[in-house]
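This report goes through one protein chain, from its strand pairing to its overall dimensions. Please keep the sequence and the structure in view while reading.

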Amino acid sequence: MLLGERHCIDCNGATVVLFECDNKEIFLKTPLLELSPDTQADGQSSAQKWADETRQAFARGKHHFEWLIKTRLGADVWVDVLLTLIPYQGNDVLHAVMRNITDRKNEEMERVRLTTAIEQAAESIMVTDTSGNILYTNPAFQELNQYTRRGILGNNASLLYSTKHNTDFVNDIHSRLMNGEVWKGRLEYKRKDDTEYKAESTISPVRDAAGNIINFVYVSRDVSKEMTMELQLRQAQKMEAIGELASG
């Protein structure tokens, strides 16, 4: 489409469909900023941001950016915009090519939400490849195990296992995961300083689009204090029972 100062000068049918207008005449009469939310995703007002983007296009002759529009029916749609300065009826105007990228932007935002949730989770989270090499850890993992992310990435997860777990036990877990099973149970780990702790762990296989298992995700919670309290409670109950028997 060709852009004037406030309105579009001309457009094709795809533009009318994109903005969900009834026809070309209605679209050309609608100020462009009425087809945008008050603010863009970065918090800047649409009016100010549009002025900045078009100013760059006039200065450079061409400018590329992403823009959030609000259609005539109220839907939010992300578009990829390429503005090009061209001569038109004796004046320089902007030719805009817009492409709907809503699906891609939604996927990006979903990934950001997921990453944020994992990074802020209270549980220790670790991702390995199928050989056990560590590819990712979240801050809770680093705090619990006393490793920096840079210091642990690339190491094998076996580095974290207590020596109380023999090779057969670890191999059995690996076999179950490679068969597509989710493993749940208590594991004993050791920190960087070799102190040990017990954790409730869930280890899940991750498949790629073809269905092949490519990663394992460990989600763990330190239960050492809980187990100590359980042991103390059982011991107290045992002593109470012995006392009752003795008194009887």
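In which sense do β9 and β10 pair, and over how many bridges? β9 and β10 pair in the antiparallel sense, over 9 bridges. Two strands count as paired if DSSP finds at least two bridges between them. Helices (H or I, at least four residues) and strands (E, at least two) are DSSP runs, numbered from the N terminus.

The model is a predicted one: local features need pLDDT of at least 70 and side-chain atom pairs count only at pLDDT 80 or more, while totals for chains, interfaces and linings use all residues. Residues are numbered from 1 along each chain as its sequence is written, and side-chain values use heavy atoms, with hydrogens and water left out.

**Strand pairing**

Strands of a sheet pair through backbone hydrogen bonds, either parallel or antiparallel. The protein chain has 8 helices and 10 strands. Five of the strands form an open sheet in the order β2-β1-β5-β4-β3, with antiparallel pairing. Its edge strands are β2 (8-10) and β3 (62-70), each of which pairs on one side only.

Within this sheet, β4 (residues 76-88) and β5 (residues 91-100) are joined by 10 bridges. β10 (residues 213-222) is joined to β6 by 6 bridges, again running antiparallel, and β10 also pairs with β9. β6 (residues 124-129) is in turn joined to β7 (residues 134-137) by 3 bridges, and these two strands run antiparallel. The table gives one pair of opposite residues for each of these strand pairs.

| Strand pair | Residue | Opposite residue |
|---|---|---|
| β4 and β5 | Leu 82 | Val 97 in β5 |
| β6 and β7 | Val 127 | Tyr 136 in β7 |
| β6 and β10 | Asp 129 | Asn 215 in β10 |
| β9 and β10 | Arg 207 | Ile 213 in β10 |

**Turns and positive phi values**

β6 and β7 form a hairpin with 4 residues between them, and Gly 132 in the turn has a positive phi of about 95°. The hairpin of β9 and β10 has 5 residues between the strands; in its turn, Gly 211 has a positive phi of about 90°.

Most residues other than glycine have a negative phi. Gln 146 is not a glycine, yet has a positive phi of about 70°. Gln 146 lies in the loop between α5 (139-145) and α6 (149-152). Asp 194 also has a positive phi, near 75°, and sits in the loop between β8 (183-190) and β9 (196-207).

How accessible are these two residues? Buried means under 20% relative accessible area, exposed over 50%, and partly exposed in between (1.4 Å probe, protein chains only). Gln 146 counts as partly exposed because its relative accessibility is 37%. Asp 194, at 56%, counts as exposed.

**The chain as a whole**

The C-alpha trace spans about 105 × 45 × 30 Å along its principal axes. The radius of gyration of the protein chain is 30 Å, well over the 18 Å that the globule rule gives for 248 residues, so the chain is more spread out than a compact globule. This radius is taken over C-alpha atoms, and the rule is 2.2 Å times the number of residues to the power 0.38.

Of the 248 residues, 34% count as buried. The chain exposes about 15,000 Å², and carbon and sulfur atoms supply 51% of it; the areas come from the Shrake-Rupley method with a 1.4 Å probe, and for residues only the protein chains shown count as cover.
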